[in-house]
Amino acid sequence: MTDLPKAKLSSYIIKKGFKHTGKDFINDTSFNFYQFRKQREKGDTTVDSSLHFINEAQLKDANCIIYQTSEFTEFGDLVNQLKKKGFYTNQSADSLSTQPLIFQHNQYLVRTFFTLSDSTKLFNLRVSKNVFPNPKDVVYADDLLAFTSHESLVYYFGKNNVKSDVYFFSENEVNRCSVLFLNTSRQVVYIWKDDINKCGIDHLLFGGQQKLASLSTKDNFVAENNWLFKSGVHAGMSLYELIKLNDNDFKFYGANSANSGLILADNSGKLNFKKENIVLSCINCRDDKFSNMPVISASDALSEEKILFVLTISLTPETSTVP
């Protein structure tokens, strides 16, 4: 059903024995609701108290179908059919009746969850199909936000180009991540909101990332990064170029700060430092003046002939990407 055009979807659902029961808008998304109506043969007096619903919506980046049933046996059978078709989960499938699970395969993602309908427990399967851009349209770093799971990256870019890894934010904070084009000038690190199932983008990292477990023992890492943002920002650009692109001054944290080199998000220039979190590195900022200043003006750093450049860019989605 996620493959059908919207014009044909309603008639298909109705042919399967469902009746359209209403329409509503939820968070600016249009939903159509259907309920199964069993066709009774003459003389059939059996009572069928089971409930079956279909809710359909066409989201911006995915076609979405939710199937609901009050029969756990049917629910379990459907999940087993998914497994036979190649869907997998990184969670314990034994908790199917008690815990929401995520199953993935190629373009498709299925979430299980539970709801109530007049005190009757409903078992839900939410099926979404990612709609990917044409390869010729994946030009800018921003375009990579279209891929919201490890599975979708593998499906689109190929298994050899996507690696599972571990990212060390600190000694105590470690996340499983995915890396596209590892140790090349096109490397991108995906940090996931759900790092167990590796889906839902928290942020993407470009540039001088040296905190991957797979690169911790290697000295031949690639320092340059060729991804260009739609804003014009790219890793390796000079402080002067960044000020010119922003068309205004900005501030960044000093060397002894916990966020050393990070540009403050509060910016009145053209660039959005909330979406594009930029960390600067400096070649000649070892003097006490710059080390001890908590916050430094970019224009002051230039006037002092400090050589700074964009080390790392963290791209954060403007809206949630949990599929």
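**Exercise 1.** What is the torsion about the S-S bond of Cys282 and Cys285, and is the disulfide right-handed or left-handed?

*Solution.* Keep in mind that this is a predicted model.

- Start with the pair itself: the sulfur atoms of Cys282 and Cys285 sit 1.8 Å apart, and a disulfide calls for a sulfur pair within 2.5 Å.
- Now look along the S-S bond of Cys282 and Cys285: the torsion is about 75 degrees, so the disulfide is right-handed.
- Next, check the surroundings of each partner. Cys282 has 27% relative accessibility, so Cys282 counts as partly exposed. Cys285 comes in at 15% and therefore counts as buried.

**Exercise 2.** Work out which cysteine sulfur is nearest to that of Cys64, and whether Cys64 is buried or exposed.

*Solution.*

- The nearest cysteine sulfur to that of Cys64 belongs to Cys199, 14 Å away, and Cys64 is in no disulfide.
- Flip it around: for Cys199, the nearest cysteine sulfur is that of Cys64, and Cys199 is in no disulfide either.
- For burial, the cut-off is under 20% relative accessible area. Cys64, at 3%, counts as buried, and Cys199 is buried too, at 1%.
- Tally up: the structure holds 1 disulfide.

**Exercise 3.** Describe the second largest pocket: its volume, its lining and the elements behind that lining.

*Solution.*

- Volume first: about 750 Å³ for the second largest pocket.
- Then the lining, which has 32 residues; Asn259, Ser260, Val279, Leu280 and Leu311 are the closest to the pocket's centre.
- Trace the lining back to elements: β11 (199-207), β12 (251-253), β13 (276-282) and β15 (308-315) are those giving two or more residues.
- Finally, sort the lining by type, which yields 18 nonpolar, 12 polar and 2 charged residues.

**Exercise 4.** Find which residues of the largest nonpolar core touch the most other members, and which element gives the most to this core.

*Solution.*

- The largest nonpolar core has 39 residues, and Leu144, Phe206, Leu242 and Leu280 touch the most other members.
- Elements that each supply at least two residues of this core are α3 (150-157), β10 (188-194), β11, α4 (239-246), β13, α6 (298-303) and β15.
- β15 gives the most to this core, with 4 residues.
- Zoom in on Phe206: leaving out residues up to four places away in sequence, its contacts include Leu144, Trp227, Phe229, Leu311 and Ile313.
- Don't stop there: a second, separate core has 17 residues, among them Phe18, Leu82, Val110 and Leu125.

Conventions
Residues are numbered from 1 along each chain as its sequence is written. This is a predicted model: local features need pLDDT of at least 70, side-chain atom pairs count only at pLDDT 80 or more; totals for chains, interfaces and linings use all residues. Side-chain values use heavy atoms; hydrogens and water are left out. Buried means under 20% relative accessible area, exposed over 50%, partly exposed in between (1.4 Å probe, protein chains only). On a 1 Å grid over the protein atoms alone, a cavity is a set of points where a 1.4 Å probe fits but cannot get out, and a pocket is an open set with protein on both sides within 12 Å along at least five of seven lines; lining residues have an atom within 4 Å of a point. Grid points are joined across faces, edges and corners, and a volume is the space filled by probe spheres set on the points. Ala, Val, Leu, Ile, Met, Phe, Trp, Tyr, Cys and Pro count as nonpolar, Asp, Glu, Lys and Arg as charged, and the others, Gly among them, as polar. A nonpolar core is a set of buried Ala, Val, Leu, Ile, Met, Phe, Trp, Tyr and Cys residues joined through side-chain atoms within 4.5 Å. Contact means heavy atoms within 4.5 Å.
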